[in-house]
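User: Please take a close look at one part of this structure. Explain it step by step, for someone in the first year of study.

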Amino acid sequence: MIHILLVEDQSIVRSGIKMMIEQDAALCVRAEASNGKEALEQLERHMIDLVIMDVSMPIMNGIESTQKIKAQWPTIRVLMLTTFNDKEYAMQALQYGANGFMLKTADPEHLIQSIHSCMNGGLSIHDHVTAKIMPRLLRKEAADPIQIELTKRERELVKLVGEGKTNKEIAAELYLSIGTVKNHLTQILHKLELRDRTQLAIYAVKNHLA
């Protein structure tokens, strides 16, 4: 069972999203909050696997609360959910460690798939958001040549992470066990001095590995 904290300031919208999520028997909305401050309080009380976080909320918005959550509970996944097709929100959320960015216009099936993707180590970004942020990443000044030498296997792994593949998908493609994939990724993050999978995916794009 995947335990979810649902953070959305409009109660009617929150109820609708909860109904969508719980169509999947493996998903359970264990707690709810109407702003980022309440979300942090709920995380102190409940064991949560994934936070579905609205971006625009009073008191503390989703971007600020994601930064705080990732600093205090780095293993908790955060899936951003918003009505705004805005690249600035997406870039900020990803920089702070969010594991995905979905629009509220997504259908229930897509939302549920994104939740499972996040929990399996994937980086789930709505197509329309990807279309906004990837050109921006690619238009940035060319990254400095990679100073740290990666092995052929490590470059393959980084490439697949940059393509948004989950650990399970990477394991199947490279004929490795999931445990081996996780160990390799941990070593790569340490070698590149990156914080998490999101930073690794961005690194892959910037360095033309994906």
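The part I would like to follow is the sheet, strand by strand.

Analyst: This is a predicted model, in which local features need pLDDT of at least 70 and side-chain atom pairs count only at pLDDT 80 or more, while totals for chains, interfaces and linings use all residues. Residues are numbered from 1 along each chain as its sequence is written, and side-chain values use heavy atoms, with hydrogens and water left out.

Some background on the whole protein comes before the sheet. The protein has 10 helices and 6 strands; these are DSSP runs numbered from the N terminus, with at least four residues of H or I for a helix and at least two of E for a strand. Of its 210 residues, 47% are buried, where buried means under 20% relative accessible area, exposed means over 50%, and partly exposed lies in between (1.4 Å probe, protein chains only). The accessible surface comes to about 10800 Å², and carbon and sulfur atoms hold 50% of that surface. Such areas come from the Shrake-Rupley method with a 1.4 Å probe, and for residues only the protein chains shown count as cover. Among contacts (heavy atoms within 4.5 Å) with a separation of 6 or more, 64% are between residues 24 or more positions apart.

Now the sheet. The 6 strands form an open sheet in the order 2-1-3-4-5-6, and the pairing is parallel. Two strands count as paired if DSSP finds at least two bridges between them. Strand 2 and strand 6 (124-125) are the edge strands, since each of them pairs on one side only.

Strand 1 is a good place to start. This strand covers residues 2-7, and 5 of its 6 residues are buried, so strand 1 is largely enclosed by the rest of the structure. On one side, 6 bridges join strand 1 to strand 2 (residues 27-33), and the two run parallel. One pair of bridge partners is Ile-2 and Leu-27, the latter in strand 2. Between these two strands the chain passes through helix 1 (residues 11-21), and this β-α-β crossover is right-handed. Right-handed means that, with the strands pointing away from the viewer, the path from the first strand over the helix to the second runs clockwise.

Strand 1 also pairs with strand 3 (residues 50-54), by 4 bridges and again in parallel. Here Val-7 stands opposite Met-53 of strand 3. Strand 3 in turn pairs with strand 4 (residues 77-82) over 5 bridges in the parallel sense. Met-53 stands opposite Met-80 in strand 4, so this residue can be followed from one pairing to the next.

Asp-54 is also in strand 3. The unreviewed UniProt entry gives this position the feature "modified residue: 4-aspartylphosphate"; UniProt positions are given in the numbering used here, feature names are shortened, and annotations may be inferred rather than shown by experiment. Is Asp-54 buried or exposed? Asp-54 has a relative accessible area of 4%, so it counts as buried. Leaving aside neighbours within four places in sequence, its contacts are Val-7, Glu-8, Asp-9, Gly-62, Met-80, Leu-81, Thr-82 and Lys-104. Val-7 has already appeared in the pairing of strand 1 with strand 3, and Met-80 in that of strand 3 with strand 4.

After strand 3 comes a loop that leads to helix 3 (62-72), and Ile-59 lies in this loop. Its phi is near 70°, which is positive in a residue other than glycine. Most residues other than glycine have a negative phi. With a relative accessible area of 69%, Ile-59 is exposed, whereas Asp-54 is buried.

Helix 3 itself holds Thr-66, which counts as buried at 1% relative accessibility. Beyond its neighbours within four places in sequence, Thr-66 is in contact with Met-53, Val-78, Met-80, Tyr-96 and Ala-98. Met-53 and Met-80 are the two residues that stand opposite each other across strands 3 and 4, so Thr-66 touches both members of that pair.

To sum up, strand 1 is paired with strand 2 and with strand 3, strand 3 is paired with strand 4, and strand 3 contains the buried Asp-54.
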